[in-house]
Amino acid sequence: MDKRSTPTRPESVDTLTAPTPLLPDAVLAASQSPHSLGLWGRRLGESELQLFPLALGSGSFGQSVDGAAAGDLIDRFVDLGGNFIDATGTHADARSEHAVGSWVERRRRRGAVLLGTTVGNHHDLSDEPAQVIIRAVNDALGRLNADHLDLLSIELDRRSQADEVLVAVDDLVRAGKVGGVAASAPTADQLIEARVIAAQAGITPVVAVQGNYNLLHRGGYETDVARVVALQGSGFMPRQPLSSGLLAGRQHSRQDIARLRRRGLVATLPPKRWSPLMSALRQIAADLGVTAPAVALSWLLTRPSVVAPIVSVSSPAQVEDAMVAVRIQLTRQQTSELERLSR
C-alpha cells in the first residue's frame, strides 16, 4: 500500500457528553432556520460537520411514506432547524435515496442540508471492495441529485479487507465526493483496526459511528464500542432510537418483537422490566408536558459521545414531537430512573 500524506484535520474537541441545554428564547427563535448552527450545534467527532442534535432518517420513505409526503417531512424538519438527512433505506432498490433526491431537485435546497448514506447494507464488499464502493457512491449521488455526500457510512464487513475499503473511501474523499467517514455497526476491534490502518497509511480516519442504540437496546453500543468511540474522539449517531416504534407506544405482535430481537433492534428485557420502563417514560412525559418518544430521545442526548440520533418518522406531527427532544432537560433523578430501569 502506498504511503500517503496525512490529511489536515481539525483540532480535537471535547467529548460530547453534556445534555442539550434548554435554549434561551432568543436562540429558540433563531433556531427555526438551519443558519442557527452559527449559534449552536454539535460537532461530529473531529470532522468539520456541525449537526442539529437530531437527524432525519428515511427508513419509511418509499414504503409507508410516498415521495410527496417525504418531501413534506423534509421541509418540516429543515424549517425547524434540522440539517442532516440520512438517506440510507432498508431496501436494495434505494427508494429512500430517490425520495430524498426528488426533494433536493424540486426544492433546490441542497445547501441547506447535509446528506449521508450507507454502503455495505445492500452491497457485497468481499470481492473487489474498492470498485463496489466507488460505483455505489456514484450511483447514490445520481439518485440524490448531489455532487457529494457529507457523510458516508461504511459497513466494515468481516469478509472484506479493511485496508482496501478504507483506501477506496479515502480516494472518494480526496476526489471531493465524500466529506466525512462513519462506521456502520462496527465492533470495538474493527474501530481500533480502522484507526491503526488510517494512521499507518495516512488516509482519512473514521470520525463517526452509527449503530442501533436506545433504552431497550443498550448492549450493542455500551461498554466496548462506547469506550473506543470516546477514546478516538468520534461522534456517535444512534439508529433505531425509538426501537422500531416500541418506545413510541406502537403496538407490535409477539412475532414482530421476535423478529426485531433477531435483527438486534431490541433487547430481551422481560415484561417485568419492560413495563416499569414504559410507565416511567409516560410519567416523565406527562410531568414535562411532552410525549414519551421525546423523552426517550432526550435521554439519548445525555449519553456519552452521542451527537444526533437518526429518527425515522411518517408524519409532520412526528417530526415536531421528535424535535421537542432537544429542548428538554431531564433532571438527574429522571435520567437515573431511566438508566436503572433500562440497564
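This section describes the overall make-up, the nonpolar cores and one helix of a predicted model.

The protein chain has 343 residues, and 52% of them count as buried. Its secondary structure comprises 12 helices and 10 strands. Contacts between residues at least 6 apart in sequence are mostly long in range: 79% join residues at least 24 apart. The accessible surface of the chain is about 15400 Å². Carbon and sulfur atoms account for 49% of that surface.

In soluble globular proteins, nonpolar side chains tend to be buried together. Here, the largest nonpolar core contains 90 residues. Ile133 and Leu338 have the most contacts inside this core. Beyond its neighbours within four places in sequence, Ile133 touches Val119, Leu125 and Ile154. Ile133 is also in contact with Val165, Ala168, Val169 and Leu172. Another core lies apart from the largest one and holds 14 residues. Its members include Leu49, Ala55, Met237 and Ala308.

Helix α7 spans residues 224-232. Five of its residues are named as buried: Val225, Ala226, Val228, Val229 and Gln232. Viewed down the axis of α7, the buried residues fall within an arc of 165°, so they line one face of the helix. An α-helix has 3.6 residues a turn, so residues three or four places apart point the same way. The buried residues of α7 pack against two elements, α6 (188-201) and β8 (208-212). Gly233 comes just after α7 and adopts a positive phi of about 70°.

Notes:
Residues are numbered from 1 along each chain as its sequence is written. This is a predicted model: local features need pLDDT of at least 70, side-chain atom pairs count only at pLDDT 80 or more; totals for chains, interfaces and linings use all residues. Side-chain values use heavy atoms; hydrogens and water are left out. A nonpolar core is a set of buried Ala, Val, Leu, Ile, Met, Phe, Trp, Tyr and Cys residues joined through side-chain atoms within 4.5 Å. Buried means under 20% relative accessible area, exposed over 50%, partly exposed in between (1.4 Å probe, protein chains only). Contact means heavy atoms within 4.5 Å. Helices (H or I, at least four residues) and strands (E, at least two) are DSSP runs, numbered from the N terminus. The arc is that of the directions from the helix axis to the C-beta atoms. Accessible areas come from the Shrake-Rupley method with a 1.4 Å probe; for residues, only the protein chains shown count as cover.
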